[in-house]
Amino acid sequence: MKTFAYLSAPDVPSAVRAISTEPGAKFLGGGTNLVDLMREGVEAPDTVIDITRLPLTGVEELPDGGVRIGALVRNSHLAANQLIRSRYPLLSQAILTGASAQLRNMATVGGNLLQRTRCLYFYDSAAACNKREPGSGCDAIGGFNRGNAILGASESCIATHPSDMAVALVALDAVVEVESVRGTRRIPLVDFHRLPGTTPQVETVLEADELITAVELPPLPLAATSRYRKVRDRASYAFALVSVAAALEVEGGVVTGVRIALGGVATKPWRAHEAERVLLGAPATDESFRRAAEAELAPAVGRSQNEFKIELAQRAIVATLRTLLTEGGAA
Amino acid sequence: MTQVQNPPVTTTTTTAAGKYVGQAVDRVDGAVKTTGEARFAAEVPYANVAHAALVHSTVSRGRITAVDTTAAAAVEGVISVITHENAVRMRPPSKVSPIDIDSMASGTTVNYLNTDQVSWNGQPIAVVVAETPHAAHEAAGLVRATYEVQPSTVDFKAEAPNAEPQPSSLILPSGGSKGDAEAALAAAPVSVDLRFTTPMHHHNAIEPHATTAVWDGDRLTVHEASQSVVWVRKHLAHKFSVPAEGIRVIAPFVGGGFGGKANVWAGTILTVLAARMTGRPVRMLLTREGVYRTVGGRTPTIQRVALGARSDGHLTSLIHTSVSQLGRVGGMAEPVTSQSSHLYAADNLLLKQEIVKLDQIANTSMRAPGEAIGTYAIEVAIDELAAELGMDPIELRMVNEPETDPLHGRKFSHRMLREAYARGAERFGWANRSPEPGVTRDGRWLVGMGVATAYHPSFQLRANVTVRVSVDGGVLVRCGFQEMGMGGATAQAQIAADALGVPFESVRVEYGDTALPLAPMAGGSAQTASVATSLLAACEKLKKSMLELAKKSSESPLRGARAADLSARDGGLFHGGRGETYASILARAGIPSVDAAIGSETRLGDLVGNMRFMSKFLMDRRRWVKAACGAQFCEVRVDADTGEVRVSRWLGVFDVGTVINAKTATSQLKGGIVMGIGAALSEESLVDPRHGRVMNPSLAEYHLPVHADVPRIDVEYLDVPDPTMPLGLLGIGEVGITGVAGAIANAVHNATGKRVRDLPITLDKLL
Ligand SMILES: Cc1cc2nc3c(=O)[nH]c(=O)nc-3n(C[C@H](O)[C@H](O)[C@H](O)COP(=O)(O)OP(=O)(O)OC[C@H]3O[C@@H](n4cnc5c(N)ncnc54)[C@H](O)[C@@H]3O)c2cc1C
Ligand code: SF4
């Protein structure tokens with residue numbers, strides 16, 4: 001790991017001021033991703049600005065019934081929060097399927113959104129990787145790509161966005177609030193992460209000097225009946241091969257409201273707009289679920305080792321919606 | 001030196017003869033490990049210790065044309081950057097000799113940093129020594145090498161068709177045949193002919209390899225995470241051309257090895273080199289990636305199992321062949337087909353092992369080398385044949401249970417597979433298994449049961465032991481064996497306490513140190529039996545000496561007693577109601593202690609001992625087939641939509657001879673089963689076929705089972721002594737992992753109707 005300078009910011013204004021004057025600086029949240037990447041030499045900031053003392057640790061109900069989550073709320077606190085568990089159970093579930101208890105105790109909401117891909121070649125400085133070293137190539141395309149993306153990929157990069165939490169958030173129409181010396185911006189989470197295109201090193205629309213301060217969830221009554229289903233290689237402590245965040249509202253056997261997002265299969269937290277479009281107004285049956293899943297996965301491109309995810313994702317969507325229909329939401 | 005005080009006995013379930021042998025005694029090293037008092041190789045304090053880090057090659061084969069160390073050397077705190085350009089000369093590893101087991105010590109044939117040749121992707125090409133581990137690692141990341149790349153072959157599957165016969169040796173036969181198995185297969189009314197693959201695995205001991213090395217002139221002290229302090233000492237003496245007597249290797253606590261710490265690998269040698277060159281005590285704790293790059297793993301295999309049977313199930317033909325890999329720079333050829341020569345009474349047998357040599361690091365032994373993955377193929381094939389025959393798979397096994405060893409007709413020293421299956425089937429509820437696959441359902445889960453045989457050969461190695469009894473009544477057992485968490489010291493204390501008739505708490509065992517009498521490496525599940533043989537002999541010798549000493553005094557109640565009539569109990573020797581304690585014999589004689597030794601430490605004594613051992617070993621092998629066996633039962637659940645497999649129940653019924661300590665033994669067997677679950681469902685070292693680099697060298701991406709993957713495991717013992725082994729014990733370190741992957745694959749078939757013949761059984765193979 002490269003030697004770096006460390007400073008701790010007492011409040012938001014000093015944090016954003018510090019980053020605006022230190023071009024090679026990075027914010028340190030829980031450090032569970034940044035520090036790993038520094039150890040591997042993938043990230044090499046000159047300065048690390050510790051933001052864990054910032055007063056951004058609240059989970060508050062908003063007047064409209066939505067919820068505002070501070071960027072430094074720890075993942076485990078968010079998952080255990082009563083408001084979240086009752087109004088957005090899929091979010092609580094998604095977080096609890098991620099990483100391990102120890103990691104969740106450290107990880108923050110802001111850091112989780114910005115965690116970087118687990119592509120094996122991204123982590124190995126001996127490999128060709130356009131994301132790590134623009135223009136060097138992509139070893140994953142002809143190599144081990146079981147964990148890589150089938151949606152939203154390009155010939156430059158097929159890396160999966162690894163977050164579980166972000167998948168639930170994108171299903172919930174979350175909005176990210178960011179701050180810099182230039183002021184405050186609000187960015188819908190669906191637009192926050194970028195597709196790799198020819199510049200896979202640019203992962204979000206966040207500017208280098210912007211701090212995530214909060215994530216806001218609009219009120220969404222149908223989210224009370226929601227689930228997060230994560231399919232993976234072992235029972236715990238593994239990234240998703242496929243995950244499905246879904247909320248479903250059915251009246252008289254017809255789908256009147258639905259939210260679906262996918263994880264483990266796409267280069268960003270993937271809102272399944274196409275599946276939602278097919279389902280809205282359709283009879284709530286296995287056939288509709290399957291048609292919706294097929295529509296969503298129609299543009300999917302399988303690579304040498306991840307072709308199976310196309311079918312797996314469809315089955316996981318159908319199974320999750322079926323469970324919502326027959327058993328209701330997560331407890 | 002290890003000096004662990006024995007805690008008092010807490011549990012008292014008696015299983016076999018003896019006051020302590022057979023009891024589930026708490027492990028003697030438990031307290032120091034749970035309190036953190038135990039010091040591992042990277043924790044031994046030395047003032048002025050420097051820290052080392054490795055730089056790895058990024059090509060699989062080539063010549064280093066230049067190494068730029070400027071940036072590395074400029075990092076604050078760096079003491080030295082050692083490359084092949086400035087490293088002191090070391091002797092290349094010696095050739096492996098078929099008569100000297102110690103010649104197998106070296107992990108590879110590479111003379112690290114004394115060559116510009118790169119032989120695998122990840123080979124160490126430099127070592128950085130610095131004041132802090134952080135500086136060493138930062139600098140290591142800044143070393144830049146350029147290579148003249150040479151063509152390499154790294155793709156196991158692509159090279160497999162070019163496999164050559166695996167060399168056979170007396171210790172590790174590589175095959176055998178009886179009759180004409182191919183013709184019998186062709187003629188058989190019912191047959192299966194199947195191809196299996198298993199991937200490379202890594203050991204992933206919780207403690208990464210670590211070395212602390214301190215030179216004092218030509219004398220050297222090494223604290224090492226090792227399964228064989230003797231091998232480390234011998235190999236370092238050879239490499240650095242110094243007398244072995246001047247080297248002390250200490251490894252009282254080792255955080256798991258599983259075969260990965262049996263050989264001497266680059267990290268050890270380069271730490272010692274760095275200490276030699278810098279004149280400082282040097283420590284190197286490998287990163288997890290460093291372990292993957294510099295310590296071999298388990299070979300991948302391609303296996304064929306073909307079985308031919310009459311319609312009553314009687315096997316007419318059994319063929320098991322394997323291809324495994326070696327590095328061009330060495331490796332351990334796994335006896336993949338070994339168990340298949342002992343398991344089934346087939347009329348005709350053909351066993352054959354082949355190898356390909358690749359430009360990869362030398363592979364090495366890993367828990368139950370051969371049987372761990374060989375039992376997968378043979379046991380799935382048996383299950384498939386049973387399905388073809390419409391027979392219950394246990395019944396098919398019983399029909400073919402041999403009376404003598406199928407290949408050579410040798411006698412089994414003891415064999416209780418029938419009993420193991422009978423007990424297991426009853427307790428597990430095997431009768432409830434639906435013979436038709438894919439029909440048992442519990443909600444979203446498809447449920448299935450599977451079974452497979454566990455098998456691991458038993459043998460002994462040579463161990464020197466001394467036992468001392470002191471005037472305070474204390475007993476000291478000294479033997480340089482290894483403790484990696486198995487419970488070896490506890491078992492030997494139990495054995496000594498019974499043999500001498502003293503309280504368990506009064507026995508202290510010293511181990512894990514070359515300053516002690518020489519012991520073999522911890523491997524082959526042979527350590528407990530090997531040490532026990534010598535320990536029992538030493539205790540007999542000691543009792544005789546004590547009797548002689550007692551008889552010298554006219555006051556001794558033992559006067560006139562004959563050794564054969566004595567019983568050792570209550571801290572001394574008695575016959576009838578008369579006798580006295582060792583303490584009183586010593587006190588009267590005015591002697592502080594008496595020692596008894598087995599084995600000679602002189603060079604000549606060692607040679608003679610080795611020859612005697614080899615001839616006994618080979619004679620024994622010609623007479624008996626000895627093995628620990630078992631029946632592994634499991635239930636799995638497979639998600640009907642996604643193919644996720646979860647193991648939901650486990651029972652292993654084992655015949656391991658006498659169980660010395662059910663607590664430590666059960667840990668070993670459960671640990672083996674957990675490791676087998678990993679091999680079955682998730683473990684795979686991903687070696688990129690383009691450049692031979694392991695791409696998942698971390699515990700995040702190499703999927704070991706986590707707690708949630710492991711159900712409650714029940715272990716049962718038949719607990720009948722083997723007549724040919726010391727105290728009747730057969731060795732338990734490895735048998736637990738064998739049969740596990742086979743049982744799971746068979747249960748997955750029972751649940752889903754799908755056969756997976758390529759490990760690991762990941763969900764994509766079940767969609
Ligand atoms: C072994 C392992 C397994 C894991 N398994 C899973 C899993 O199954 N599912 C899953 O979803 N995740 C998993 N994770 C990832 C984990 O969730 C993330 O590492 C974690 O959420 C990151 O949060 P953090 O606060 O520690 O981020 P940090 O490491 O502190 O930061 C990550 C990045 O975000 C930036 N950053 C942090 N906070 C802010 C802010 N407020 N504003 C602007 N920039 C900021 C940092 O500069 C850095 O670039 C796993 C991680 C590990 C190590
Ligand atoms: S998929 Fe993306 S992250 Fe992975 S190697 Fe290719 S460019 Fe790098």
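Let me begin with a single contact in this predicted model: a nitrogen atom of ligand 1 sits 2.7 Å from an N or O atom in the side chain of Asp164(A). Two further contacts involve oxygen atoms of the ligand, one of which is 2.9 Å from an N or O atom in the side chain of Lys230(A), while at Leu34(A) the partner is a polar backbone atom, at 2.7 Å from a ligand oxygen. As for how much of the ligand is covered, ligand 1 taken alone exposes 970 Å², and the protein buries 96% of that.

Turning to the surroundings, there are 34 residues around ligand 1, and the closest are Phe27(A), Gly31(A), Thr32(A), Thr108(A) and, once again, Asp164(A). Sorted by class, this shell holds 15 nonpolar, 13 polar and 6 charged residues. In chain A, the elements that supply two or more residues to the shell are strands E2 (25–28) and E8 (211–217) together with helices H2 (34–39) and H7 (109–114), and H7(A) gives the most, with 4 residues.

Where, then, does the ligand lie with respect to domains and chains? Within chain A, ligand 1 lies between domain 1 (1–52) and domain 2 (223–326), because both of them give residues to its shell; with respect to the chains, it lies between A and B.

Finally, a word on annotation: an unreviewed UniProt entry assigns residues 1–222 of chain A to a domain described as "FAD-binding PCMH-type". In the model, that span is 27% helix and 17% strand, and its end C-alpha atoms lie 47 Å apart.

Terms used. Residues are numbered from 1 along each chain as its sequence is written. Chains are lettered from A and ligands numbered from 1 in the order in which they are written. This is a predicted model: local features need pLDDT of at least 70, side-chain atom pairs count only at pLDDT 80 or more; totals for chains, interfaces and linings use all residues. Side-chain values use heavy atoms; hydrogens and water are left out. UniProt positions are given in the numbering used here, feature names are shortened, and annotations may be inferred rather than shown by experiment. A residue is near a molecule or strand if one of its heavy atoms lies within 4 Å of it. A polar contact is a pair of N or O atoms within 3.5 Å; within protein, one must be able to donate a hydrogen and the other to accept it, and residues adjacent in sequence count only if both atoms are side-chain atoms. Accessible areas come from the Shrake-Rupley method with a 1.4 Å probe; for residues, only the protein chains shown count as cover. Ala, Val, Leu, Ile, Met, Phe, Trp, Tyr, Cys and Pro count as nonpolar, Asp, Glu, Lys and Arg as charged, and the others, Gly among them, as polar. Domain bounds come from an automatic or database domain assignment.
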